[in-house]
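User: I have a structure open and would like to go through it piece by piece. Can you help me read it?

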Amino acid sequence: MQLITIDQNLKCFHCGDECDARPVQFESKSFCCNGCQSIYEIIKESDLSEYYLLEIAPGFRRTIDDHKFGYLDNPKIGQKLLDFSSDNLEKITLSIPDIHCSSCVWLLENLRRLHQGVLSSRVNLSERELLVDFDPNALSLRQLVELLASIGYEPLINLEDRQQKSIKNSSRSLILKIAVAGFCFGNIMLLSFPEYLGLDFGLDKELATWFSGIMLLLSLPVLFYCASGYFVSAIQGIKQRYLNIDVPIVLGILALAGRSYYEILLGIGQGYLDSLAGLLFLLLIGRWFQNKTYSNLSFNRDFKSYFPLAVTRILNSTETSVLLDELEVGDIILIRNKELIPADSILLDQMAMIDYSFVSGESRAITRHKGDHIFAGGRQIGLKARYEIIKPASQSYLTQLWNHKAFKKTKYDPREYLINGISKYFTAVILVIAIVAAAYWWMVDPTKSVFVFTSILIVACPCALAMATPFTLGNVMRIYGKNMLYLKNAQVVDRMAGISMLIFDKTGTLTQPGSVLTCSTNLSESQAQLLGALTAQSSHPVSQDIQVYLKKFTKKNEDCELREYHEQFGLGISAIINGHLLKLGSAEYVGNKGALGYDGPYFSINGQLVGAFNRSNRFRAGLADLFEQLSKIFKLVLLSGDSDIDRPKLSNLFPSEESLHFGQKPLDKLEFVQKLQQSGEKIMMLGDGLNDAGALQKSDVGIAVSERPHQFTPASDGILHASAIPKLYSFIKLARWSQIIIILGFGLSFSYNLVGLSFAVSGNLTPLMAAILMPLSSISVVLFATASVKLTSTKLKLL
């Protein structure tokens, strides 16, 4: 066999992942696995090689089995998924989380070249959705989904997505308001320009009156449509007996409109309608900037997002796919490797391995035996198994846990936000100044009293004050997004700035997927070849981990003669390879009583014990430096559903042994958070699984950690890519700095208000002065907020 020298930094031509010691070679290109090679061949044979020219290594690995999408053959399921159906045409909208670049868009919009049954396909990149029209006579729904999965773009199909297929997009209404305000602002400014400059272009009085009437008409949609959100918010605040920032804004809007309509209708001037339209235009842009979030991510998922749309039911020895909500007590279901157990049930086969890591936090799969009660939410590992349903999915332990009243997050009181705290004092001070000034002028010159009163409300309108917050927080969210922290809304930044304690989950949050393997002996290359051939026959995750581990010991691809392969579930595997009997499994299975003191599995060759493996969790890089920074400012706590096997390692990260809590069930975590909040702590919780969902919901800030943010994560205030965890300290520091920047922006706004108030109180505020001073203050605050956030982010190494 020829010895091949491998570049240690070799990348897969298709997906870009690093290749291991034995890459797949095809047409002088290297692939990390056979799946990537197969996708490359499909794309090339379909004359779609341009896919690889648009981006470097744009693809994904293919992970699909023959039974995965069998449920799509069920007509009832098709009816729930399809947007339109007829004899020759069906339409469907599919969520494709892996769409990420121009190559993805190009390939998916050329699906018709992969299969003639596809009539057309269109990509919505911002929502990561694919809209497909196909001919059901040439291509079934199942075949369409399998086609997408075969090229690495597996659709995400689950129960919640179908029940919430149409989600209202409020940003569309906001954009329309901005368009209306901008149109009206531009035209009003054009019509009022001669009047503001005191110019007379020979216009007769009748034409000037027409201009004023047009401006008045243009202002109506601005006042009654574009400003409607501010009126509603102000009224709601007054009903709840507090003055939010929208109250003084509404007072300013009413003063601008009222004073302008008074002057126009009496023919004594053209008022301040351009200032009214311009300020609302800028305010709405600020609100859009703050509300602009990550619409392609879901922050409000519940257990339904985790459950499959359908399962395999066995009836009279026949396997059929049925919708999850059609399962009844007593039904027998078949769960294959890596499939989810959707309801509480009883195991009917002799043994099964269940992975509860996402639900309970336990890092290792658990062996269950015939007759055991199996809770919903676990994943089947290894061989398929049969289960008898004892509770409908809607009444399972997981569902009841999620619906627990304590899991519902209390609505955050808007009075606690910084800007609303300042606004109540601002409103009171402005009203006092306006009333005192009006009373003074009533005694000195009654004709100026109303003029001065409205002038103060106009010039003191806190529009610049209101822009400091959205543009600061909007820029902070933009910086977070670049660093792979995606927040639900800008208010989360406000709450992040006030946290006093951080709580971490362990499994999946502080640890990486997979395990670190150590072996009790130094393996020879021949031993590694034999053991690798054995583990290659098994789909068990431990066998797969060992197979990856063994590749560093082998440099040759040698064909092995394998026969008499056996797998005894829960015990081990064995085979005769090149004439040698190999066994891998428990100590008893290979004939050893555990003398080596390793967790296992053990392995033997020809009846002689060779060695054993230990598996340990892999902790993420950079945690030591991160926790050293965090411990100087915050209280740190670990809440893990796993055992305390990693206590020694975690003790070096957390300040004390009392900070480490293991074996925590979901309700235990929730109650722990509640107790701390009652003592006055402001908590930020980081977790990755359903077992963290309650604590994430209840925390002041709940952050879901994910290797792939577009896949399933628990409901949260934000989603953090796992690789960005070392930046957590900088994220929180930026949130705290944002509050300082907002306060400085308030100071800048107040300085403009003082200048304007001096003219208004003295009765010298002219329309021209208002038209210059008010937009100038707003623009200055926007520029200050943007520049300050950028400078702070650079110092924190986030840019």
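User: Which helix does Val444 lie in?

Analyst: Val444 belongs to helix H15, residues 418–444. Helices (H or I, at least four residues) and strands (E, at least two) are DSSP runs, numbered from the N terminus. Before we go on: this is a predicted model, where local features need pLDDT of at least 70 and side-chain atom pairs count only at pLDDT 80 or more, while totals for chains, interfaces and linings use all residues. Residues are numbered from 1 along each chain as its sequence is written, and side-chain values use heavy atoms, with hydrogens and water left out.

User: Ok. Is Val444 buried, exposed or partly exposed?

Analyst: Val444 is partly exposed, because its relative accessible area is 48%. Buried means under 20% relative accessible area, exposed over 50%, and partly exposed in between (1.4 Å probe, protein chains only).

User: Which residues form a nonpolar patch with Val444?

Analyst: Tyr440, Trp442 and Met443 make up the surface patch together with Val444, and the accessible area of the four together is about 510 Å². Patches are made of residues with over 30% relative accessible area and no salt bridge; like charges are joined within 9 Å, and nonpolar side chains (Val, Leu, Ile, Met, Phe, Trp, Tyr) within 5 Å. The areas come from the Shrake-Rupley method with a 1.4 Å probe, and for residues only the protein chains shown count as cover.

User: New topic. How many residues does H24 have, and how far does it reach?

Analyst: Helix H24 (residues 666–678) has 13 residues and reaches 19 Å from its first C-alpha to its last, close to the expected 18 Å at 1.5 Å a residue. The expected span is 1.5 Å times one less than the number of residues.

User: Which residues of H24 are buried?

Analyst: Pro666, Lys669, Leu670, Val673 and Leu676 are the buried ones in H24. They cover an arc of only 130° around the axis, so they sit on the same side of H24. The arc is that of the directions from the helix axis to the C-beta atoms.

User: Why would residues a few places apart point the same way?

Analyst: An α-helix has 3.6 residues a turn, so residues three or four places apart point the same way.

User: And what is on the other side of H24?

Analyst: Lys675 and Gln678 are there, and they are exposed. After H24 comes Gly680, with a positive phi near 100°.

User: Now the sheet. What is the order of its strands?

Analyst: The open sheet has six strands in the order S8-S7-S9-S15-S10-S13, with antiparallel pairing. S8 (318–323) and S13 (373–374) stand at the edges, each with a single partner strand, so one side of each has no neighbour in the sheet. Two strands pair if DSSP finds at least two bridges between them.

User: How many bridges join S15 to S9, and how many to S10?

Analyst: S9 (residues 332–335) pairs with S15 over four bridges, and S10 (residues 345–347) is joined to S15 by three. Both pairings are antiparallel. On the S9 side, Ile332 has Glu388 as its bridge partner, and Ile333 has Tyr387. From S10, Leu347 stands opposite Tyr387.

User: Which side chains of S15 are buried?

Analyst: In S15 (residues 385–389) the side chains alternate: Ala385, Tyr387 and Ile389 point to one face and are buried, whereas Arg386 and Glu388 point to the other face and are not.

User: Last topic. How many salt bridges does the structure hold?

Analyst: There are 15 salt bridges. A salt bridge is a side-chain nitrogen of Lys or Arg within 4 Å of a carboxyl oxygen of Asp or Glu. One of them joins Asp73 and Arg142 (2.8 Å, N to O). Asp73 is in the loop between helix H2 (51–54) and helix H3 (75–81) and Arg142 is in helix H5 (residues 141–150), so this pair ties together parts 69 residues apart in sequence.

User: Are those two buried or partly exposed?

Analyst: Asp73 is partly exposed at 47% relative accessibility, and Arg142 is buried at 19%.

User: What about Arg259 and Glu263, how far apart are they along the helix?

Analyst: They are four residues apart in helix H10 (residues 246–266), which means a separation of about one helical turn. Their side chains meet in a salt bridge (3.0 Å, N to O). Arg259 is buried at 7% relative accessibility, and Glu263 is buried at 11%.
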